[in-house]
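Please look over the chain shown below with attention to how its strands, its interior and its side-chain contacts fit together. The report is meant to be read alongside the coordinates.

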Amino acid sequence: MNGLAIINDGGAANGWFEYGFTTGLGNRTPNQYLGSSGSKNVSQQIFGLQTGTSYFFRFVMDNGDSTDYGEVKSFTTYGSVSGGNTSGGSNSGSSNNSGTN
């Protein structure tokens, strides 16, 4: 999974991906430290996915004052899934880190 984090107005932010079989998601990746300003490409491989299966995911950012949720998107696995092989799947989110989002 790939995304773009845009951090505004200072304040250290962490981010993670949430994913699952439905838009309810249900799983999450470990936190990634994103820093306190600027844009950062983020990615996370996930393992143990079922072949030929659609998954939903989004990127989430939190700075301690507010949590911002990216749009829920989807991807479908194919072939032999041994390293996060997927078709499609990127997302972005932004946080103004001022607690106003």
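The following paragraphs deal with strand pairing, the nonpolar core, charged and aromatic pairs, and a loop with its polar contacts.

**Strand β2 and its partners**

The model is a predicted one, and a convenient place to begin is strand β2, which spans residues 13-20. Seven of the eight residues of this strand are buried, so β2 is largely enclosed by the rest of the structure. Strand β6 (residues 54-62) pairs with β2 in the antiparallel sense over seven bridges, and within that pairing Tyr 19 has Phe 57 as its bridge partner. Strand β4 (residues 32-35) is likewise antiparallel to β2, with three bridges between them, and here Ala 13 stands opposite Gly 35. Strand β3 (residues 27-28) is joined to β2 by two bridges, again with the strands running antiparallel, and Glu 18 finds its bridge partner in Arg 28 of β3.

The connection between β2 and β3 is a hairpin with six residues between the two strands. Leu 25 is placed in this loop, and its phi is near 65 degrees, a positive value in a residue other than glycine. Is Leu 25 buried or exposed? With a relative accessible area of 10%, Leu 25 is buried, given that the limit for that class is under 20%.

**The nonpolar core**

The largest nonpolar core has 15 residues, and those with the most contacts inside it are Met 1, Ala 5, Leu 34, Phe 59 and Phe 75. Strands β1 (2-7), β2 and β6 each supply at least two residues of this core, and β6 gives the most, with four residues. The surroundings of Leu 34 can be followed in detail: leaving aside neighbours within four places in sequence, Leu 34 is in contact with residues including Ala 5, Ile 7, Ala 13, Val 42, Phe 59 and Met 61, and also with Asn 14, Gly 15 and Lys 40.

**Charged and aromatic pairs between β2 and β6**

How many salt bridges does the structure hold? The structure holds one salt bridge. In this salt bridge the side chains of Glu 18 and Arg 58 meet at 2.7 Å, N to O. Because Glu 18 lies in strand β2 and Arg 58 in strand β6, the pair ties together parts that are 40 residues apart in sequence. Glu 18 itself is buried, with a relative accessible area of 15%.

A search of the whole structure finds five aromatic pairs. One of them is formed by Phe 17 and Phe 57, which are tilted, with 6.3 Å centre to centre and 45 degrees between the planes. Phe 17 lies in β2 and Phe 57 in β6, so this pair, too, ties together parts that are 40 residues apart in sequence. Phe 17 counts as buried at 0% relative accessibility, and Phe 57 counts as buried at 0% relative accessibility as well. Ring pairs link Phe 17, Phe 21, Tyr 55, Phe 57, Phe 59 and Phe 75 into a cluster.

**Asp 62, Asn 63 and their polar contacts**

Asp 62 is found in strand β6, whereas Asn 63 lies in the loop between β6 and β7 (67-69). Asp 62 is partly exposed, with a relative accessible area of 23%, while Asn 63 counts as buried at 12%. Not counting residues up to four places away in sequence, Asp 62 touches Ala 12, Ala 13, Asn 14, Trp 16 and Thr 67. Asp 62 and Leu 34, the core residue discussed above, are 28 residues apart in sequence and 9.6 Å apart in space, C-alpha to C-alpha.

The side chains of Asp 62 and Asn 63 take part in the polar contacts tabulated here.

| Side chain | Partner | Distance |
|---|---|---|
| Asp 62 | backbone nitrogen of Gly 64 | 3.0 Å |
| Asp 62 | side chain of Thr 67 | 2.4 Å |
| Asn 63 | backbone nitrogen of Asp 65 | 2.8 Å |
| Asn 63 | backbone nitrogen of Ser 66 | 2.8 Å |

For Asp 62, the partners are thus the backbone nitrogen of Gly 64 and the side chain of Thr 67. For Asn 63, the side chain reaches the backbone nitrogen of Asp 65, and a polar atom of that side chain also lies 2.8 Å from the backbone nitrogen of Ser 66.

Conventions. Residues numbered from 1 in each chain as written. Predicted model: local features only at pLDDT ≥ 70, side-chain atom pairs only at ≥ 80, totals over all residues. Heavy atoms only, no water. Buried < 20%, exposed > 50% of the residue type's maximum accessible area, 1.4 Å probe, protein only. Pairing = 2+ DSSP bridges. Polar contact = N/O pair within 3.5 Å; in protein donor to acceptor, adjacent residues only side chain to side chain. Core = buried A, V, L, I, M, F, W, Y, C linked by side-chain atoms within 4.5 Å. Contact = heavy atoms within 4.5 Å. Salt bridge = Lys/Arg side-chain N within 4 Å of Asp/Glu carboxyl O. Phe/Tyr/Trp six-rings, centres within 6.5 Å; stacked < 30°, edge-to-face > 60°.
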